[in-house]
Amino acid sequence: MSDLVSGTPSVAAPPRILAVANQKGGVGKTTTAINLGTALAAVGERVLIIDLDPQGNASTGLGVQRRPGQRSSYHVLIGEATLRQVIVDSGIPRLHCAPSTMDLLGAELELADFERKTYRLADAIAALCRETQAEAAYTYVLVDCPPSLNLLTINALSAADAILVPLQCEFFALEGLSQLIKTVERVKTSLNPRLTIQGVVLTMFDRRNKLSEQVAEDVRSVLGDKVYQTVIPRNVRISEAPSYGKPVLLYDNGCVGSQAYIRLASEIIRRERELRAA
């Protein structure tokens, strides 16, 4: 109340920043980012999805048009725009997107000579938090990373509080995961000491396939509680939704894929509350 009386702007609490990352492509990373973001927004969270992948699938999957000359996450990284200037409304209540463009393909070379080249995204998010009033502040920022461990992904990991890893239930899943864990440890040691693994979500899970069950058992035996209880099943509605520019929760809210992402959002919120209470 004193802030209202004095006219001092309310201070927004910082959002939880989750990098959705896996150096392997085709694991459901972008699908997880847009559908998790939608599920979090549906339960009242204010969510920003930052598309850091030159392919821009998170942008198009939310129905955000990518136009020539459009300001995007690329312009944020090279300092030609602020996050606030590039954010667009997704059309979904409480969910916004900082879209990407193909310009990101050359960002790594351009950033090589920049100061704080690994902290460009972290600095941009910090600036956004300073500019944002408490009533309009984001509670979650999800960064959709490219399927490689390049400078764009390092920027995401340097900015993030935690990493969320989508992992396809296939034979080489653990091999790729071990490489990612080593990268997280290196980033934590040299760039971002607060970085942790929020969790691993098993995607494209097929209960009819013994391999899916075996991979799930193997991952849980290695990472234990870091693996979410929720698994994302193979579901044709999840695959169809991006072609309509919609998250699956809007395309078909009743399908098993939508229900899985709602459960995943609940599980993540519960973990975050436990972290704050610890």
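Is Thr-118 buried or exposed? Thr-118 counts as buried, since its relative accessibility is 15% and the cut-off for buried is under 20%. The model described here is a predicted one. Its eight strands form an open sheet, and about 490 Å³ of space lies in its largest pocket. The points below cover the sheet, the pocket and several single residues.

**The sheet**

- The order of the strands across the open sheet is S3-S4-S2-S5-S1-S6-S7-S8, and their pairing is mixed.
- The edges are taken by strand S3 (88-92) and strand S8 (227-233); each has a single partner strand, so one side of each has no neighbour in the sheet.
- On average, neighbouring strands of this sheet are turned by 25 degrees against each other, with direction ignored.

**Strands S6 and S7, with helix H9**

- Strand S6 (residues 162-168) pairs with strand S7 (residues 196-205) in the parallel sense, and seven bridges join the two.
- Within this pairing, Val-165 is opposite Val-200 in S7.
- Ala-162 is likewise placed opposite a residue of S7, namely Thr-196.
- Helix H9 (residues 173-190) packs on the sheet and touches both S6 and S7.
- The direction of H9 makes about 170 degrees with that of S6.
- S7 is largely enclosed by the rest of the structure, because eight of its 10 residues are buried.

**The largest pocket**

- The volume of the largest pocket is about 490 Å³.
- There are 30 lining residues, and the closest to the pocket centre are Gly-28, Lys-29, Thr-30, Thr-31 and Met-204.
- At least two lining residues come from each of helix H2 (29-42), helix H3 (57-61), S7, S8 and helix H11 (236-240).
- H2 gives the most to this lining, with five residues.
- Sorted by class, the lining holds 12 nonpolar, 13 polar and five charged residues.

**Two residues with positive phi**

- Most residues other than glycine have a negative phi.
- Met-204 has a positive phi, near 55 degrees, and this residue is part of strand S7.
- Met-204 counts as partly exposed, at 23% relative accessibility, and is listed among the residues closest to the centre of the largest pocket.
- Arg-94 also has a positive phi, near 70 degrees.
- The place of Arg-94 is the loop between S3 and strand S4 (95-98), where this residue is partly exposed with a relative accessible area of 34%.

**Buried residues in strands S1 and S2**

- Leu-18 belongs to strand S1 (residues 16-20) and is buried, with a relative accessible area of 0%.
- Beyond residues up to four places away in sequence, Leu-18 touches Tyr-140, Val-141, Leu-142, Val-143, Ala-162, Gln-198, Ile-268 and Glu-272.
- Leu-18 and Ala-42 are 24 residues apart along the chain, and their C-alpha atoms are separated by 18 Å.
- Val-47 belongs to strand S2 (residues 47-51) and is buried, with a relative accessible area of 0%.
- Not counting residues up to four places away in sequence, the contacts of Val-47 are Gly-37, Leu-40, Ala-41, Arg-94, Leu-95, His-96, Tyr-138, Tyr-140 and Leu-142.
- Val-47 and Pro-93 lie 46 residues apart in sequence, and the C-alpha to C-alpha distance between them is 9.4 Å.

**Thr-118, a buried loop residue**

- Thr-118 sits in the loop between helix H6 (107-111) and helix H7 (120-131).
- Leaving aside neighbours within four places in sequence, Thr-118 is in contact with Leu-151, Ile-154, Asn-155, Ser-158 and Leu-191.

**Ala-277, an exposed helix residue**

- Ala-277 is part of helix H13 (residues 256-277).
- Ala-277 is exposed, with a relative accessible area of 69%, and the cut-off for exposed is over 50%.
- Ala-277 and Asn-253 are 24 residues apart in sequence and 32 Å apart in space, taken from C-alpha to C-alpha.

Terms used. Residues numbered from 1 in each chain as written. Predicted model: local features only at pLDDT ≥ 70, side-chain atom pairs only at ≥ 80, totals over all residues. Heavy atoms only, no water. Pairing = 2+ DSSP bridges. Helix = DSSP H or I, 4+ residues; strand = E, 2+ residues; numbered from the N terminus. Axes fitted to C-alpha atoms, helices over the stretch in contact; angles between N-to-C directions. Contact = heavy atoms within 4.5 Å. 1 Å grid on protein atoms, 1.4 Å probe; cavity = no way out; pocket = protein on both sides within 12 Å on 5 of 7 lines; lining within 4 Å. Points joined across faces, edges and corners; volume = space filled by probe spheres on them. Nonpolar A, V, L, I, M, F, W, Y, C, P; charged D, E, K, R; others polar. Buried < 20%, exposed > 50% of the residue type's maximum accessible area, 1.4 Å probe, protein only.
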